[in-house]
Amino acid sequence: MRTTNFIPAVLLMGLIACNNASDKTATTDTATAAHDSSMDMHHDTTASAITPVPAIPAGAKVFFKNLKDGQSVKSPFKVEFGVEGIKLDTAGPIVAGSGHHHLLIDAEDSLASGTVVIKDEKHLHFGKAQKETTVTLPPGKHKLTLQYADGIHRSYGGELSKTITVDVK
């Protein structure tokens with residue numbers, strides 16, 4: 001009978017001891033975290049580092065240099081990107097009046113301004129300021145959208161996009 005009463009008492013004391021120890025650790029960790037300037041700085045930097053999408057210069061446009069809407073092509077085919085009125089630059093820092101190309105294949109006509117262009121088989125990135133690529137597509141009609149974006153891949157919106165269809169033979 002004494003052994004039966006002894007086990008719950010030991011368990012209860014162990015729980016109380018663990019509970020008190022974790023309170024001290026939590027208080028210490030919370031106090032340290034609250035005064036850790038690197039955490040505060042990271043939070044503040046993140047909030048202030050996101051700048052609006054740069055303004056589009058008047059008259060800026062993107063276009064396909066070698067393809068016309070409805071054109072028949074044989075796969076693989078070359079796609080040349082054109083841009084006027086805004087600087088072609090590499091991905092990286094946000095620089096007003098500049099950006100780089102993205103090619104959307106059988107996807108949206110354009111992305112809303114500020115939307116980050118995802119990177120997958122339908123959303124190709126040209127962050128090294130490339131002006132052309134070769135595309136391989138199966139036979140049939142395909143929609144190609146040239147979408148311009150800022151240094152961190154945020155779309156400039158429909159104003160700096162161009163959509164065409166091509167018929168792959």
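Ser98 is a good place to start: this residue is buried, with a relative accessible area of just 3%. Keep in mind while you look around that what you have on screen is a predicted model. Ser98 sits in strand β5, which covers residues 98–105. What does Ser98 touch, not counting residues up to four places away in sequence? The list reads Ile86, Lys87, Asp89, Tyr148, Ala149, Asp150 and Tyr156.

## The overall picture

Now zoom out. The protein has two helices and nine strands. Walk along the chain from the N terminus and you meet the elements in the order α-α-β-β-β-β-β-β-β-β-β. There are 169 residues in the protein, and 30% of them count as buried.

How much of the contact list comes from residues 24 or more positions apart? Taking the contacts with a separation of 6 or more, such pairs account for 69%. As for the outside, the protein exposes about 10,500 Å², and carbon and sulfur atoms supply 60% of that area.

## How the strands line up

A bit of background helps here. Strands of a sheet pair through backbone hydrogen bonds, either parallel or antiparallel. You can find both kinds of pairing in this model, as the next examples show.

Let's take one sheet to begin with. Three strands form an open sheet, in the order β1-β3-β7, with antiparallel pairing. Its edge strands are β1 (61–64) and β7 (132–135), each of which pairs on one side only. From one strand to the next, the twist averages 25°.

Look more closely at β1 and β3. Strand β3 spans residues 77–84, and four bridges join β1 to β3, the two running antiparallel. If you want a pair to click on, try Val62, whose bridge partner in β3 is Val83.

Next comes strand β9, residues 161–168. Strand β2 (residues 71–73) is joined to β9 by three bridges, and these two run parallel. Here Ser72 stands opposite Asp167 of β9. Strand β8 (residues 140–149) also pairs with β9, this time through eight bridges, and that pair runs antiparallel. One partnership to look for is Gln147 with Ser161 in β9.

## Charged pairs

Side chains of opposite charge can pair when their charged atoms come close. How many salt bridges does the model have? The count comes to six. The table shows some of them, with the distance between N and O atoms.

| Salt bridge | N to O distance |
|---|---|
| Glu80 and Lys78 | 4.0 Å |
| Arg154 and Asp150 | 2.8 Å |
| Lys169 and Asp167 | 2.9 Å |

Are the partners in these pairs buried or exposed? Take Lys169 and Asp167, whose side chains meet in a salt bridge. Lys169 counts as exposed because its relative accessibility is 59%, while Asp167 is buried, with a relative accessible area of 16%. Salt bridges that share partners also link Lys78, Glu80 and Glu132 into one network. Within that network, Glu80 has a relative accessibility of 23%, so Glu80 counts as partly exposed. Lys78, at 40%, counts as partly exposed too.

For Arg154 and Asp150, both residues are buried. You have already met Asp150, since that residue is on the list of residues touched by Ser98. Asp167 is a familiar name as well: Ser72 stands opposite this residue in β9.

## A closer look at His125

One more residue is worth a visit. His125 has its place in strand β6, residues 123–126. Why does His125 count as buried? The cut-off for buried is under 20% relative accessible area, and His125 comes in at 18%, so His125 is buried.

Which residues does His125 contact, leaving aside neighbours within four places in sequence? They are His101, His102, Val117, Ile118, Lys119 and His153. Two of these names come with some extra detail. The backbone oxygen of Ile118 lies 2.9 Å from a polar atom of the His125 side chain. With His153, the link is between side chains: a polar contact of 3.0 Å joins His125 and His153.

How values were computed. Residues numbered from 1 in each chain as written. Predicted model: local features only at pLDDT ≥ 70, side-chain atom pairs only at ≥ 80, totals over all residues. Heavy atoms only, no water. Pairing = 2+ DSSP bridges. Axes fitted to C-alpha atoms, helices over the stretch in contact; angles between N-to-C directions. Buried < 20%, exposed > 50% of the residue type's maximum accessible area, 1.4 Å probe, protein only. Polar contact = N/O pair within 3.5 Å; in protein donor to acceptor, adjacent residues only side chain to side chain. Contact = heavy atoms within 4.5 Å. Areas by Shrake-Rupley, 256 points an atom, 1.4 Å probe, with all protein chains shown as cover.
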